Amino acid sequence: MVVVIGLGGGTNSGKTTICKKLVERIPNCLVFNQDKYFKTLEEAKLSFPGRDVNWETCPALKMDDLVADVKTEMNKNHDVIIVEGHLVLNFPPLVELFDATIFITLSRDLAHKRRLTRTYDPPDGPGYFENVVWPGYLLILEEVRRNSDIKPLFLDAADPEKCYTAVEDVVKKCLSSN
């Protein structure tokens with residue numbers, strides 16, 4: 001039986017980097033990156049009529065497609081499936097699939113510093129981080145903390161190696177109890 005892990009966290013918290021390492025070290029491990037499920041700008045505009053697209057919310061993503069794809073792969077020959085993204089712990093139909101959940105937190109300064117090193121399409125407009133990304137992260141984090149259906153392991157992105165080791169330990173523990 002496949003183990004499915006939900007790895008959520010703030011923008012630029014290290015989720016994708018952790019998953020790349022896990023794929024190298026854990027056999028039959030498949031990763032779904034939520035970023036691959038963003039709607040096109042034209043599609044997203046339909047979800048935000050009369051205002052700017054907020055890319056930090058579920059309506060900007062094809063979350064139902066992500067759920068369907070994960071369910072399809074759960075029936076294939078994988079030992080572990082990791083679903084990573086900033087909103088994967090905030091979408092109940094996806095959360096239902098997880099055997100374990102992890103959320104990587106980070107400070108505003110670290111998130112901003114890391115975000116400045118990335119290129120986005122469409123690019124961040126003036127004030128996007130301060131007015132949308134950071135407040136969005138705080139809302140996502142609060143929602144995860146309030147949700148009694150999940151009890152994620154919270155990790156701090158300030159120590160990337162400790163984050164990786166903790167995530168790997170969760171995966172191994174799930175595999176051994178499977």
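Q: How far apart are the end C-alpha atoms of helix α3 (residues 63-74)?
A: In this predicted model, local features require pLDDT of at least 70 and side-chain atom pairs pLDDT 80 or more, while totals for chains, interfaces and linings use all residues. Residues are numbered from 1 along each chain as its sequence is written, and side-chain values use heavy atoms, without hydrogens and water. Helix α3, a DSSP run (H or I, at least four residues) numbered from the N terminus, has 12 residues and should span 16 Å at 1.5 Å a residue, the factor being applied to one less than the number of residues. The end C-alpha atoms agree with this expectation, as their separation is 17 Å.

Q: Within what arc do the buried residues of α3 fall?
A: Met 63, Leu 66, Val 67, Val 70 and Glu 73 are the buried residues of α3 (under 20% relative accessible area, 1.4 Å probe, protein chains only). They line one face of the helix, because the directions from the axis to their C-beta atoms fall within an arc of 130°.

Q: Which residues lie nearest the centre of the largest pocket?
A: A pocket is an open set of points on a 1 Å grid where a 1.4 Å probe fits, with protein on both sides within 12 Å along at least five of seven lines. The largest pocket holds about 630 Å³ of space, and 27 residues line it, each with an atom within 4 Å of a point. Those nearest its centre are Thr 11, Asp 35, Phe 38, Arg 115 and Tyr 120.

Q: Which helix gives the largest share of this pocket's lining?
A: The lining of the largest pocket comprises six nonpolar, 12 polar and nine charged residues, with Gly counted as polar and Tyr as nonpolar. Its largest share, three residues, comes from helix α1 (residues 15-25).

Note on methods
Points joined across faces, edges and corners; volume = space filled by probe spheres on them. Helix = DSSP H or I, 4+ residues; strand = E, 2+ residues; numbered from the N terminus. Buried < 20%, exposed > 50% of the residue type's maximum accessible area, 1.4 Å probe, protein only.
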